[in-house]
Amino acid sequence: MAQMITHEAALKAIMVGASRARELGEPSSLAIVDAGGNLMAFLRVDDAALSTVEIAQGKAYTALALRSPSGNWLELVQPGRELYGLDALGGRRSFVVFGGGLPVRSGETVIGGVGVSGGPVEADVVIAQAMVDALE
C-alpha cells in the first residue's frame, strides 16, 4: 500500500463497498477520509437513509483520529466510564463510537479511515472491511 490514499484507490474502494452493500441488501452510505480527515470519496447507495450520510463520514473520521475501529470506543464513553464524553469531543466533528469505521494503514501508519452506515453494525463492519481490503 502507498503512504497515502489516492483518489483512484478511493473510488475503487467505494465501488467495492457499494457492491458488498448490494450483496448484503443494506442501503448504506460509504465514506473514505485521508490522513488529514478530509473526505476523499463518498457514496450514498440508492435508498440509503439521509441520516447515514453524516454518520458514515463520522465513523471514517473517528477511525482515523482514534487510530482504531470506531466500535472499540462504545463502552468506554458510557456514563461512569473513564472516557465518558469523549464522543462529543471530536473536534471538527463528533466521534461516532459504534461499529462501521475502520482505520486504513500502511504498515503501522494510519493513512486514512473508512466509514459505513446504513445496516446493522455487523453489516457496516463487513462492508467497511471490504473497502479497507480494496485499499490494501
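Biologist: Leaving aside its neighbours within four places in sequence, with which residues is M131 in contact?

Modeller: This is a predicted model, in which local features need pLDDT of at least 70 and side-chain atom pairs count only at pLDDT 80 or more, whereas totals for chains, interfaces and linings use all residues. Residues are numbered from 1 along each chain as its sequence is written, and side-chain values use heavy atoms, with hydrogens and water left out. With contact taken as heavy atoms within 4.5 Å, and those neighbours set aside, the partners of M131 are A13, I14, G17, L30, A31, I32, V114 and V116.

Biologist: Which element gives the largest share of the largest nonpolar core?

Modeller: This core (buried Ala, Val, Leu, Ile, Met, Phe, Trp, Tyr and Cys joined through side-chain atoms within 4.5 Å) has 21 residues, and M131 is among those touching the most other members, as are I5, L30, I32, V104, V114 and L135. Two or more residues come from each of α1, β1, β3 (101–106), β4 (109–117) and α3 (121–135); these are DSSP runs numbered from the N terminus, helices being H or I of at least four residues and strands E of at least two. The largest share, six residues, is that of α3.

Biologist: Why do the buried residues of α1 lie on the same side of the helix?

Modeller: Buried (under 20% relative accessible area with a 1.4 Å probe, protein chains only; exposed is over 50%) applies in α1 to A10, A13, I14, G17, A18 and A21. The opposite face carries exposed K12, M15, R22 and E23, while the cover over the buried residues includes β1, β2 and α3. The buried residues share a side because the arc they cover around the axis, taken from the directions to the C-beta atoms, is only 145°.

Biologist: Is S28 buried or exposed?

Modeller: S28 is found in the loop between α1 (7–24) and β1. A polar atom of its side chain lies 2.9 Å from the backbone oxygen of E26. Beyond four places in sequence, its contacts include A21, L43, V116 and I127. At a relative accessible area of 0%, S28 is buried.

Biologist: In the hairpin of β1 and β2, which residue in the turn has a positive phi?

Modeller: Strands β1 (residues 29–34) and β2 (residues 39–44) pair in the antiparallel sense over five bridges, where pairing requires at least two DSSP bridges. Within this pair, I32 stands opposite A41. Four residues lie between the strands, and the one with a positive phi, about 85°, is G37.

Note on methods
A polar contact is a pair of N or O atoms within 3.5 Å; within protein, one must be able to donate a hydrogen and the other to accept it, and residues adjacent in sequence count only if both atoms are side-chain atoms.
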